[in-house]
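Please take a few minutes to walk through this fold with me, one region at a time. Have the viewer open, and turn the model as we go.

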Amino acid sequence: MLVVTHSGRPEAVTATEEAAAALTAAGFTPVLAGEDVPGMAFHDIELAMILGGDGTILRAAELARAAGVPLLGINLGHVGFLAESERDDITEAVRRIAAGDYTVEERTTLQVQVQVPGRADPVTSWALNEAALEKAEPARMVEVVIEVDDRPLSSFGCDGVVLATSTGSTAHAFSAGGPVVWPEVDSLIVVPLSAHALFARPLVVGPRSVVAVEVLTRSPSPAVLVCDGRRHIEVPAGSRVEVRRSPVPVRLARLTPAPFTDRLVHKFALPVAGWRGRPPELHAGHAARRRHDDPDRTDED
């Protein structure tokens, strides 16, 4: 079991010691990220347990994505939208993992390439949440043109453009005014940042679309592309950024089948007082109609 933690926080150190003890007692070999364990290869890892916030989970995704190792987040941060459990649930989480009582879901990632003038090969990267093109000079705008599927859409001056997955719709894109998109919606979200234009609304495009952002040669400021807040690529004027769906997902371990709506309410503390829900007789009729539409569906689904 790979253990990834935010080692700079005393709470994380204590939680890591607790997790390591629980994992050992359950028959796992806990391996701290960065440890050199003789004879161990990444395919020996069953799962990665992450102790921290979303930033720590994104760091763990860098380690685990290529090998397809599922990530289980234990939230020690504030919102922790990617996390599955809270700090007090470490022992129970380990028990469920040891019993194989968890599911794994795949989250779409973005494949990113940047073509820089004068460079033959593009610079490549990837993102789980978002690839954010941001102006490199705070006092100036960056001039861009947006392209979707090889066709120009609009050009404007702005502070930047966020290109996000559905998973990342609740991260940087959300704070910039983008829509919340349910994770099962396979899409690419485009959110301009402080754009000086009449048509600069957030866009949601399909999974097979390719979105490009060109930094115009007349741009007052160069740009920088930041993938998941971790990987930086310089984007001078005249560069072209292309983003598409990657064939390599990130795998997240889930302990509960709670719907995404419940996660939104819990993580953002949304007010739902007064909700009564569907009356029992209408709920029964609704369930029957759903089974008629999908004979394999059960009431538990």
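In this predicted model, let's begin with an open sheet of six strands, whose order is β8-β7-β18-β15-β10-β11 and whose pairing is antiparallel. At its edges sit β8 (123-127) and β11 (151-158), each of which pairs on one side only. If you compare neighbouring strands of this sheet, they are turned against each other by 20 degrees on average, direction ignored. As a reminder, strands of a sheet pair through backbone hydrogen bonds, and they may do so parallel or antiparallel.

Now zoom in on one pair inside this sheet. Strand β15 (residues 211-215) and strand β18 (residues 240-245) run antiparallel and are joined by four bridges. If you would like one bridge to look at, pick Ala212, whose partner in β18 is Glu242.

Next, the packing of nonpolar side chains. Which residues touch the most other members of the largest nonpolar core? That core has 31 residues, and the answer is Val112, Val114, Leu133, Val144 and Leu225. The strand that gives the most to this core is β10 (residues 142-148), with four residues. Leu225 is a good one to click on: leaving out residues up to four places away in sequence, Leu225 touches Val112, Val114, Ala131, Ala132, Leu133, Arg231, His232, Ile233, Val235 and Val241. There is also a second, separate core, which has 21 residues, including Met1, Val3, Phe28 and Met49.

Let's move to strand β4 (residues 71-75), where five of the five residues are buried. In a regular strand, side chains alternate between the two faces of the sheet. Here both faces are covered: Leu71, Gly73 and Asn75 are buried on one side, and Leu72 and Ile74 are buried on the other. Strand β3 (residues 48-52) runs parallel to β4, and five bridges join the two. Within this pair, Ala48 stands opposite Leu71.

One residue of β4 deserves a pause, and that is Asn75. Why does Asn75 count as buried? Its relative accessibility is 5%, and buried means under 20%, so Asn75 falls on the buried side of the cut-off. To see what surrounds Asn75, set aside its neighbours within four places in sequence; the contacts are then Gly52, Gly53, Gly80, Ala83, Ser85, Glu86, Arg87 and Lys267.

From buried side chains we can turn to open space. The largest pocket has a volume of about 370 Å³. Its lining is made of 16 residues, and those nearest the centre are Glu105, Glu184, Ala258, Pro259 and Phe260. Two elements give two or more residues to this lining, namely β6 (103-107) and α5 (260-268). The largest share comes from β6, with five residues.

Finally, step back and look at the whole chain. You can trace six helices and 19 strands, and the C-alpha trace spans about 60 × 60 × 35 Å along its principal axes. Of the 301 residues, 45% are buried. How far apart in sequence are the residues that meet? Among contacts between residues at least 6 apart in sequence, 68% join residues at least 24 apart.

Conventions. Residues numbered from 1 in each chain as written. Predicted model: local features only at pLDDT ≥ 70, side-chain atom pairs only at ≥ 80, totals over all residues. Heavy atoms only, no water. Pairing = 2+ DSSP bridges. Axes fitted to C-alpha atoms, helices over the stretch in contact; angles between N-to-C directions. Core = buried A, V, L, I, M, F, W, Y, C linked by side-chain atoms within 4.5 Å. Buried < 20%, exposed > 50% of the residue type's maximum accessible area, 1.4 Å probe, protein only. Contact = heavy atoms within 4.5 Å. 1 Å grid on protein atoms, 1.4 Å probe; cavity = no way out; pocket = protein on both sides within 12 Å on 5 of 7 lines; lining within 4 Å. Points joined across faces, edges and corners; volume = space filled by probe spheres on them.
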